[in-house]
Amino acid sequence: LAGVRRIPNDPPNVGLLTFWGTRYNVVAGEGLCLLAPYPPFFLDVLLVDMSKKNKNPKFENIRCKLEEDGEAKKDMKARSGGAVTVNVGMTWEPNRGDLIDYITAGREAGVMNIVNDMLGEVIRQVASGKTWEEMTFSKEWLSAKLITKMTGEGIPHVGSEANPSEIEAFLREALTNGKADVHDLGIVFRRLNVIEVVPEGALKADAENASREVQQRRAE
């Protein structure tokens with residue numbers, strides 16, 4: 001009885017085997033299991049919550065490229081063309097076959113810190129080459145870039161303006177049945193997409209005014 005351990009099933013958990021404090025890539029499923037967490041064996045498990053994690057990180061103050069009108073071309077200094085907020089949605093879960101890396105990465109909190117840094121880097125790189133208006137209409141293309149960064153599942157010419165049908169087909173199939181990350185985080189992505197790109201500050205007001213003017217002209 002001293003070695004009986006219950007691995008919870010709500011939320012779903014598994015146990016990663018440890019022997020004398022060393023982790024081994026052996027996984028015990030939920031329910032009762034017989035261990036020996038006492039001398040001289042020190043055979044035990046580390047509990048890992050296997051439930052899906054639904055996250056919606058927000059990346060604010062993403063600076064965009066200045067629109068290249070005549071005046072901008074004369075100014076050789078790097079200037080910002082305004083800022084946008086990018087809202088991302090993702091669903092992931094620990095990779096049962098790679099739990100050692102998941103624990104090493106810091107479990108849920110540590111993984112999210114790393115993932116947010118990686119996604120933020122991609123978003124800032126993309127924004128540096130697009131105006132804020134181009135960013136607001138590049139959600140699918142940007143989603144493909146993020147998936148490629150995290151899973152290595154890329155489409156031809158994803159770094160350039162791939163055609164919409166190619167991007168749509170890629171997004172439809174990219175995370176089917178889940179795709180493991182390629183950064184040794186020990187997770188599997190079920191969903192990863194850009195929900196919306198919203199201009200910030202005065203740009204948002206300008207966009208709303210422009211849209212209102214168009215509607216007014218149509219009404220007239």
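Biologist: Is the crossing of α3 and α5 left-handed or right-handed?
Modeller: Please bear in mind that this is a predicted model, where local features need pLDDT of at least 70, side-chain atom pairs count only at pLDDT 80 or more, and totals for chains, interfaces and linings use all residues. Residues are numbered from 1 along each chain as its sequence is written, and side-chain values use heavy atoms, with hydrogens and water left out. A crossing is left-handed if the near helix is turned anticlockwise from the far one by less than a right angle, and right-handed if clockwise. The crossing of α3 and α5 is right-handed.

Biologist: How far apart are the axes of helix α3 and helix α5?
Modeller: Helix α3 covers residues 107-127 and helix α5 covers residues 139-151 (DSSP runs numbered from the N terminus; helices are H or I of at least four residues, strands E of at least two). The two pack at an angle of about 135 degrees (axes are lines fitted to C-alpha atoms, for helices over the stretch in contact, with angles from 0 to 180 degrees between N-to-C directions). Their axes are separated by 10 Å.

Biologist: Which residue in helix α3 has a positive phi although it is not a glycine?
Modeller: This residue has a phi of about 60 degrees and sits in helix α3. Its relative accessibility is 30%, so it counts as partly exposed (buried is under 20%, exposed over 50%, partly exposed in between, with a 1.4 Å probe and protein chains only). The residue is R107.

Biologist: Is D184 buried or exposed?
Modeller: D184 is found in the loop between β9 (179-180) and β10 (187-199). Its phi is positive too, near 60 degrees in a residue other than glycine. With a relative accessible area of 55%, D184 is exposed.

Biologist: How many salt bridges does the structure hold?
Modeller: Side chains of opposite charge can pair when their charged atoms come close. A salt bridge here is a side-chain nitrogen of Lys or Arg within 4 Å of a carboxyl oxygen of Asp or Glu. K52, E93 and R190, for instance, are linked in a network of salt bridges. In the whole structure, the number of salt bridges is five.

Biologist: Which residue forms a salt bridge with D44?
Modeller: D44 belongs to strand β5 (residues 43-49), and its partner belongs to strand β1 (residues 4-7), 39 residues apart. The closest N and O atoms of the pair are 2.8 Å apart. D44 is partly exposed at 24%, and the partner is partly exposed at 27%. That partner is R5.

Biologist: How many residues apart in sequence are the parts tied together by K55 and E108?
Modeller: The side chains of K55 and E108 meet in a salt bridge with an N to O distance of 2.6 Å. K55 has a relative accessible area of 22% and E108 has 30%. Because K55 lies in strand β6 (residues 53-55) and E108 in helix α3, the pair ties together parts whose separation in residues is 53.

Biologist: Is K53 buried or exposed?
Modeller: K53 meets D49 in a salt bridge of 4.0 Å, N to O. D49 counts as partly exposed at 29% relative accessibility. At 5% relative accessibility, K53 counts as buried.

Biologist: Which residue follows D10 across a cis peptide bond?
Modeller: The bond has omega near 0 degrees. The residue after it is found in the loop between β1 and β2. It is P11.
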